[in-house]
Amino acid sequence: MSDLTDDWDTTALDEGWANAPVLVYQNPDGTFADEADNEVFDDGAGGFVYADGAAVLVADPDHPSETVAPRAEILVFEDGEGGYVDEQGDQVFDDGAGGWVDRDGVPLTEGWNDSVAPGPEQAVRRGKGRKQRYEDLATNDGCGRRAIVGFVVVLGVIMLLGAGAVFWVLRKVDPPGEPGKAVDVVIPQGATDADVGLLLESKGIISDAGVFGWYVRFTGGNWAAGEYPEMKKNSSFAQVTQTLDEGPVPVGTSRVTIPEGVRLDEALDKLAAQFPEISKEDFYAALASGKVTSKYVPAELPPLAEGEVAPPQMNKWEGMLFPDTYEFSDDATPVEILQKLADQMSAELDELGYENSEAKVGLTPYETVIVASLVEKETGTPPEERGQIARVIYNRLAAPEILGIDATAVYSKNKPGGELTTPELRDPADPFNTRTKQGLPPTPIGLPSQASLKAAIAPEEGAWMYYVLVEPGKHAFVETQAEFIELRDKARNQGVIE
């Protein structure tokens with residue numbers, strides 16, 4: 001034992017305290033000592049130890065001969081914005097006297113009996129040697145340690161409940177399937193995180209406000225009141241909190257989200273719905289006027305082959321507006337709105353190196369965007385599939401082989417793939433027919449995402465010539481026609497494809 005511990009043993013024996021509970025005090029310099037002025041240390045688990053690691057028996061100050069009984073506590077966390085919240089997510093305030101009060105000025109310790117821990121200055125002398133039941137938030141590690149410990153406890157409880165509970169919680173945090181219909185959410189003044197969770201649950205954006213409450217305890221909440229448009233039903237907690245963290249729509253502005261992969265016509269429908277005084281036809285007119293510009297959009301499309309007929313939706317601006325969430329002033333004009341989308345697309349293409357696309361993939365920037373739009377429509381769930389599908393397209397173009405991508409006919413005929421007939425898929429007058437015609441379609445077939453744009457300019461390396469849907473959302477990639485036919489027939493027999 002150390003000299004310090006020997007001193008304690010001598011003092012304890014002299015005063016009759018050996019193996020008896022002792023009071024622990026906090027010194028002005030922040031260190032701790034027992035009644036005999038022996039230094040003790042926070043063990044990081046709610047108690048104290050001497051220098052040699054021996055545990056301290058901490059006495060109840062009201063009954064010095066007894067060890068203190070653990071009491072429930074309420075934790076206080078930094079909210080990331082200079083304020084504090086309790087473990088329910090409600091805002092609390094430092095009362096300037098070592099305690100905490102709620103938003104109405106009521107001390108947290110009043111009327112809550114043993115369910116509430118004492119304030120910082122009293123906590124040292126209570127509760128099994130816990131120094132400050134309300135963590136000293138001026139320290140660097142207080143909030144982080146509390147949050148980590150809390151998360152570990154929650155995780156431990158879930159693990160004890162079994163794999164079924166883990167699966168259930170994960171499905172709440174990140175539900176299966178794609179996000180659903182967009183809905184507007186208005187957070188009222190004074191709403192707590194719990195109120196927001198119940199509001200989101202009532203609108204079908206999340207499925208469990210209780211689990212959401214635990215989630216935001218560790219990720220942060222305390223969102224501003226206001227309008228949050230375009231929130232999606234069946235969203236993951238991460239998607240929800242990201243949208244809420246962006247803040248509400250400022251007064252006098254409108255926010256609109258253009259989803260990835262939609263067609264130009266669908267994107268203009270979205271814009272027209274957000275700006276009732278502007279019609280879809282007004283947006284088309286703005287694109288045709290030449291006032292909306294992009295260095296990546298060709299002045300004219302190449303002429304069609306003899307006998308080909310352009311479908312009504314064929315437009316050089318297809319795929320050249322970037323799908324994202326935008327804010328506009330309520331008095332924005334069609335040209336201003338569309339130029340913002342076009343500028344964002346140009347910025348994305350610049351960043352990905354599309355100006356050097358001919359050196360990278362052997363196609364013009366516009367043609368490479370066409371490839372990206374095909375990738376967007378064809379890809380499955382695994383993220384690596386985008387680069388693999390892009391590689392199949394480039395390999396077939398180089399062979400040369402027809403692409404055989406039915407999504408191009410789905411675009412030109414404006415019909416679901418399951419409704420297309422063989423004559424429609426092989427229509428010789430259709431410039432988007434890739435079943436019998438070599439090469440790319442004349443324009444993109446939708447607004448590609450950043451992930452698809454990246455895949456088109458930097459495809460995966462491989463000799464694949466075919467891909468087959470082998471289970472929902474997942475393709476297999478093969479090099480030979482024999483392998484393709486074998487996998488295709490197996491997928492048909494299993495009902496994966498028709």
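This report describes the overall make-up, salt bridges and selected buried sites of a predicted model.

## Overall composition

The chain of this predicted model contains 17 helices and 16 strands. Of its 498 residues, 42% are buried. The accessible surface of the chain is about 25,400 Å², and carbon and sulfur atoms contribute 51% of that area.

Contacts between parts of the chain that are distant in sequence are well represented: among contacts with a separation of 6 or more, 60% involve residues 24 or more positions apart.

## Salt bridges

The whole structure holds 12 salt bridges. One of them pairs R255 with E327, with 2.5 Å between the closest N and O atoms. This pair links distant parts of the chain, since R255 belongs to strand β13 (residues 253-257) and E327 to strand β14 (residues 325-329), 72 residues apart. The two partners fall into separate accessibility classes: R255 has 5% relative accessibility and therefore counts as buried, whereas E327, at 31%, counts as partly exposed.

A further salt bridge joins E376 and R386, with an N to O distance of 3.2 Å. The partners are 10 residues apart, E376 lying in helix α12 (residues 365-378) and R386 in helix α13 (residues 385-398). E376 is buried because its relative accessibility is 14%, and R386 is buried because its value is 17%; the cut-off for this class is under 20%.

## From helix α13 to a loop

Helix α13 also supplies R391, which is linked to E461 in the loop between α16 (450-457) and β15 (466-471), 70 residues apart. The side chains of R391 and E461 form a salt bridge of 3.5 Å, N to O. R391 has a relative accessibility of 15% and so counts as buried. E461, in contrast, reaches 65% and so counts as exposed. Elsewhere, D265, D269 and K280 are joined into one network by salt bridges that share partners.

## The surroundings of R255

R255, in strand β13, has polar partners beyond a single side chain. The side chains of R255 and E327 are joined by a polar contact of 2.5 Å, and a polar atom of the R255 side chain lies 3.1 Å from the backbone oxygen of G247.

With neighbours within four places in sequence set aside, the contacts of R255 include P229, E230, E246, G247, P248 and V249. Q274, T325, Y326 and E327 are also in contact with R255. The relative accessible area of R255 is 5%, so this residue is buried.

## Helix α10 and its cover

Helix α10 (residues 334-352) has 19 residues, and at 1.5 Å a residue these should span 27 Å; the end C-alpha atoms are 28 Å apart, which agrees. After α10 comes G353, with a positive phi near 85 degrees.

The buried residues of α10 are I337, L338, Q339, L341, A342, M345, S346, E348, L349 and L352. An α-helix has 3.6 residues a turn, so residues three or four places apart point the same way. The cover over the buried residues of α10 includes the helices α8 (264-274), α9 (280-288), α11 (357-361), α12 and α16, together with strand β14.

## Buried residues in α16 and α12

L453 is located in helix α16. Its relative accessibility is 0%, so L453 counts as buried. Apart from neighbours within four places in sequence, L453 is in contact with F322, M345, L349, L352, Y354, V369, A372 and P448. Among these partners, M345, L349 and L352 are also buried residues of α10. The C-alpha atoms of L453 and T368 are 8.1 Å apart, although their positions lie 85 residues apart along the chain.

S373 is placed in helix α12. At 1% relative accessibility, S373 therefore counts as buried. Not counting residues up to four places away in sequence, S373 touches P444, I445, G446 and P448. P448 is thus a contact partner of L453 and of S373.

How values were computed: Residues numbered from 1 in each chain as written. Predicted model: local features only at pLDDT ≥ 70, side-chain atom pairs only at ≥ 80, totals over all residues. Heavy atoms only, no water. Salt bridge = Lys/Arg side-chain N within 4 Å of Asp/Glu carboxyl O. Helix = DSSP H or I, 4+ residues; strand = E, 2+ residues; numbered from the N terminus. Buried < 20%, exposed > 50% of the residue type's maximum accessible area, 1.4 Å probe, protein only. Contact = heavy atoms within 4.5 Å. Areas by Shrake-Rupley, 256 points an atom, 1.4 Å probe, with all protein chains shown as cover. Expected span 1.5 Å × (residues − 1). Polar contact = N/O pair within 3.5 Å; in protein donor to acceptor, adjacent residues only side chain to side chain.
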